[in-house]
Amino acid sequence: MGDSASYIRMVHHLIEECIIFNMSKEECMEALSKHANIKPVITSTVWKELEKENKEFFEAYTKRREDRSASEMETRQRIQNMVSEPSKRDSQD
């Protein structure tokens with residue numbers, strides 16, 4: 001039992017590292033599978049348990065990620081509009 005408990009603690013720690021890098025659960029599952037050879041089902045299970053134990057944190061974390069994503073999309077759209085405006089003006093001249 002000691003080995004599995006330490007393995008779960010290691011996965012827990014790696015998930016915390018993913019959170020520091022603002023990763024989604026899916027991104028974390030992919031990263032840990034690729035870089036730490038941890039099966040996605042293990043990462044998902046530990047993540048779900050962490051969500052149960054820290055419901056308020058994960059609700060805020062998810063909202064913050066969504067807000068950041070919306071803000072990034074808005075910024076990309078503004079940049080696209082700025083880039084395309086000069087070409088529109090040039091074609092009208």
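What follows is a short look at the fold, helix 2 and the cysteines of this predicted model. Residues are numbered from 1 along each chain as its sequence is written, and side-chain values use heavy atoms, leaving out hydrogens and water. As this is a predicted model, local features need pLDDT of at least 70 and side-chain atom pairs count only at pLDDT 80 or more, while totals for chains, interfaces and linings use all residues.

The protein chain holds 4 helices and 0 strands, with elements running α-α-α-α from the N terminus on. Both kinds of element are DSSP runs numbered from the N terminus: H or I over at least four residues for helices, E over at least two for strands. Of the 93 residues, 22% are buried (under 20% relative accessible area, with exposed over 50% and partly exposed in between; 1.4 Å probe, protein chains only). The accessible surface comes to about 7300 Å², and carbon and sulfur atoms account for 54% of that (Shrake-Rupley method, 1.4 Å probe; for residues, only the protein chains shown count as cover). Taking contacts (heavy atoms within 4.5 Å) between residues at least 6 apart in sequence, 55% join residues at least 24 apart.

Helix 2 covers residues 25–36, and its end C-alpha atoms sit 15 Å apart, in agreement with the 16 Å expected for 12 residues (1.5 Å times one less than the number of residues). Its buried residues are Lys25, Cys28, Met29, Ala31 and Leu32. Just past this helix, Asn37 adopts a positive phi of about 55°.

As for the cysteines, Cys28 has a relative accessible area of 0%, and Cys18, also buried, has 4%. The structure contains 0 disulfides (pairs of cysteine sulfur atoms within 2.5 Å).
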